[in-house]
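Colleague: Before we look at any labels, I would like to hear how each one is earned. Could you take me through the reasoning step by step?

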Amino acid sequence: MARAEAIKVIEYYAQVARQYDEGYDVWWKVLYDGLTWAHIRPCLPARGLVLDAGGGTGKWSIRMAREKPGISIVLLDISREMLAVAREKLLRERLTGRVWLVEADICAMPFRPEVFDFALAEGDPISYCDDPRRAVGELFRVLKPGSCAQAGVDSLFAIVRRLMHEGRVEEAERVLRDGRFTSSWGFRWWVFTPRSLRELFEGAGFEVVRISGKPVLSPPSEELRKALSDGEKARKALELEFSACDDPSIAGAGGHLHVVARKPPAPALAGAPPTSSPTSSAASHTRPPACSACAPSGPGRRQSARPRSSA
């Protein structure tokens with residue numbers, strides 16, 4: 001990350017780290033988190049090493065660790081203060097032996113190639129970094145062949161729509177042209193369309209399985225927040241969102257975008273034993289195959305799953 005922009009990001013999160021987890025209301029917890037988890041959960045390996053890049057205060061690391069007792073997690077973040085909050089939470093959850101904290105930039109991760117069985121970059125670290133190509137290239141580098149990566153980013157069309165609603169037409173034009181937005185937080189965001197997000201991941205070598213909007217049907221309102229406080233309405237709202245979130249005609253309208261991608265398997269070597277051999281069978285017990293949600297999908301094929309409500 002260019003030092004000037006990195007300093008702005010670090011300074012911002014140093015100020016908000018202690019209050020960060022309090023900034024998300026029922027709309028975020030039910031819809032945004034519900035959609036995110038519905039994508040993550042089926043792709044988590046039963047065992048192995050997971051990367052939570054830009055994992056902040058550890059929300060997703062803790063949830064993944066609870067879900068899969070057989071995995072270990074590396075939580076990487078550029079903010080020392082956010083990691084300090086994560087450390088306190090991990091102590092309370094008794095997860096310090098399974099989640100390790102690393103202070104580093106997503107654009108220059110201090111890991112060997114091909115060590116992780118799953119990689120997550122949730123909470124927009126790719127949008128906030130200086131060079132998204134480098135960040136996604138780093139995710140590709142450290143991920144094992146055949147494994148899945150997922151990421152959340154800010155949506156260009158959602159930002160532009162908000163600027164137009166506020167009458168900031170010239171700024172909306174700049175964001176559409178440059179793909180960057182200068183926020184009130186004091187640093188610039190990269191913002192993406194489904195097409196540019198796909199190009200970013202495919203350019204790094206990934207096979208893109210799915211791009212979804214989060215959420216696409218539910219603009220925040222006090223009326224909706226009240227409705228989401230009812231467990232049954234929250235469940236139904238999440239089901240409605242999941243039924244539409246990856247429809248190409250509306251995904252780009254989501255407040256954020258979520259990408260599910262797969263690093264292609266390593267090519268088979270000449271003379272390698274057949275897949276049914278004892279060697280290959282033993283390998284399958286130490287590292288599970290890619291989940292069905294991360295299998296490459298053909299043109300027009302739509303993945304389906306049913307989310308669990310987080311309400």
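Modeller: Let us start with a cut-off: a residue is called buried when its relative accessible area is under 20%, exposed when it is over 50%, and partly exposed in between. Please keep in mind that this is a predicted model.

Colleague: Why is Asp246 called buried?

Modeller: Asp246 has a relative accessible area of 14%, and buried means under 20%, so Asp246 counts as buried.

Colleague: What makes Asp246 and Arg210 a salt bridge?

Modeller: A side-chain nitrogen of Lys or Arg has to lie within 4 Å of a carboxyl oxygen of Asp or Glu, and the side chains of Asp246 and Arg210 meet at 3.8 Å, N to O, so the pair qualifies as a salt bridge. This pair links distant parts of the chain, with Asp246 in the loop between helix 11 and strand 9, and Arg210 in strand 8, 36 residues apart. Arg210 is buried as well, because its relative accessible area is 8%.

Colleague: Is Lys144 buried or partly exposed, and how do you know?

Modeller: Lys144 has 22% relative accessibility, and since partly exposed covers the range between the 20% and 50% limits, Lys144 counts as partly exposed. The side chain of Lys144 meets that of Asp117 in a salt bridge at 3.2 Å, N to O. Here too the pair links distant parts of the chain, with Lys144 in strand 5 and Asp117 in strand 4, 27 residues apart. Asp117, with a relative accessible area of 9%, is therefore buried.

Colleague: Why are Arg141 and Glu138 said to be separated by about one helical turn?

Modeller: Both belong to helix 6, and because they are 3 residues apart in that helix, about one helical turn separates them. Their side chains meet in a salt bridge at 2.7 Å, N to O. Arg141, at 25%, is partly exposed, whereas Glu138, at 12% relative accessibility, counts as buried.

Colleague: What makes Lys263 a buried residue, and which residues does Lys263 touch?

Modeller: Its relative accessibility is 5%, and the limit for buried is under 20%, so Lys263 counts as buried. Lys263 is found in the loop between strand 9 and helix 12, and residues that Lys263 touches include Glu114, Phe140, Arg141, Lys144 and Phe206. In addition, the side chain of Lys263 reaches the backbone oxygen of Leu143 at 2.7 Å.

Colleague: How many salt bridges does the structure hold?

Modeller: The structure holds 22 salt bridges.

How values were computed
Residues numbered from 1 in each chain as written. Predicted model: local features only at pLDDT ≥ 70, side-chain atom pairs only at ≥ 80, totals over all residues. Heavy atoms only, no water. Helix = DSSP H or I, 4+ residues; strand = E, 2+ residues; numbered from the N terminus. Buried < 20%, exposed > 50% of the residue type's maximum accessible area, 1.4 Å probe, protein only. Polar contact = N/O pair within 3.5 Å; in protein donor to acceptor, adjacent residues only side chain to side chain. Contact = heavy atoms within 4.5 Å. Lists of a residue's contacts leave out its neighbours within four places in sequence.
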